[in-house]
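Please open the structure in a viewer and keep the selection panel at hand. The tour below proceeds from one selection to the next.

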Amino acid sequence: MSSPTGPDKGLPVRMPRPRQPGRHRRPEPVVAPENAPALVLAVPGTPSTTTRSVAEETLSIARSELPGLDARVGFLDGDDEEFPSIGAALTQAVEERATRQQPAGEVNGRGAPGAGGDEELPAVVIPLLAGPDAALMRRIRQEVLNSATGAEVTDVLGPHPLLAEAVHVRLSEAGLARADRARLFTVATAADGIILATIGGEEAVQAAGITGMLLAARLAVPVLATGLDEEGAVARTAEQLHGSGSQQLAVAPCLIGPEIADGLLQAAAREAGCSAAEPLGAYPAVGKLVASTFAAKIGLGQQQAQQGTPAR
């Protein structure tokens, strides 16, 4: 039997660890608010099992970053149950959210408020795009508008330092770059010049150029951004790198994957006479960016700051 001061036979007692005070304390885990808007990941390109796998794995990572997230996939060119369109995914998400909120609506006469005090935002659409693409974004916004759900579209995921990390990893996986500059060993096939390929016109190339500067700092080699969808652009960029002294080049897509037409990356690499890394795909950084983009859209960080809870 234990006394008020502990076990009567001197048995050790495991006491809860006191919470560390001050700014260095461990932050509370971030979770999606109960009435947060739904998230629909807008996937461009031709629907396929491969693109669906990339999208679903990306959402799985986003859910691990933000538990409680109600997320699903919508395809820009989808039109059936297997590959639902953005509009169909939005309609289902909003209807399910309204059903969950019905008891609260019966009490106060209106739907429960969303995160950050926004009572009108039922869903957030995040394009699965690493960089700007005016044509695709125009189509995504039109799909959302046609759905008449009141959902809003966020910006694309990049440029962002996490994308430079992801491109670096894809290059190292292909044997085209060292995994870590601090390591003493070298990779015999490592490229001494990188062509950072993107899609979406001049705006996309400029945005990729920001990621390229971050990548160049990681690899200590020249990196030039160019348009994969502009005929001959990759080959011209290769000539420019050769002219500056680079001998062994590699094409690195600053692209997630579904937005790339089949064979386009391989054809451009052959034309430039160099190897190519894989697209970013469902690299963890992409899922983290989806989660952080959603959190920023609904004001989750601001809400936690107002409540005195540090955001992760």
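Begin with E231, which sits in the loop between β8 (223-227) and α6 (233-243); helices (H or I, at least four residues) and strands (E, at least two) are DSSP runs, numbered from the N terminus. This is a predicted model, in which local features need pLDDT of at least 70, side-chain atom pairs count only at pLDDT 80 or more, and totals for chains, interfaces and linings use all residues. Residues are numbered from 1 along each chain as its sequence is written, and side-chain values use heavy atoms, with hydrogens and water left out.

With E231 still selected, note that E231 is exposed, at a relative accessible area of 76%; buried means under 20% relative accessible area, exposed over 50%, and partly exposed in between (1.4 Å probe, protein chains only). Add A268 to the selection: E231 and A268 lie 37 residues apart in sequence, yet their C-alpha atoms are 8.6 Å apart in space.

Next, display the open sheet of four strands, whose order is β8-β7-β9-β10, with parallel pairing; two strands pair if DSSP finds at least two bridges between them. Its edge strands are β8 and β10 (275-276), each pairing on one side only. Within the sheet, select β7 (residues 193-198) and β9 (residues 249-253), which run parallel and are joined by five bridges. One bridge to inspect links G193 with L249 in β9.

Now select helix α8 (residues 284-297), where V286 is located. Is V286 buried or exposed? V286 counts as buried because its relative accessibility is 1%. Leaving out residues up to four places away in sequence, V286 touches T58, L128, L157, I256, L280 and G281; contact means heavy atoms within 4.5 Å. A62 is also worth selecting: V286 and A62 are 224 residues apart in sequence and 8.4 Å apart in space, C-alpha to C-alpha.

The cysteines come next. C254 is buried at 4% relative accessibility, and C274 is buried with a relative accessible area of 15%. The count of disulfides comes to zero, a disulfide being a pair of cysteine sulfur atoms within 2.5 Å.

Finish at helix α5 (residues 202-219), which lies across β7 and β8 and runs at about 150° to β7. Here axes are lines fitted to C-alpha atoms, for helices over the stretch in contact, and angles run from 0 to 180 degrees between N-to-C directions.
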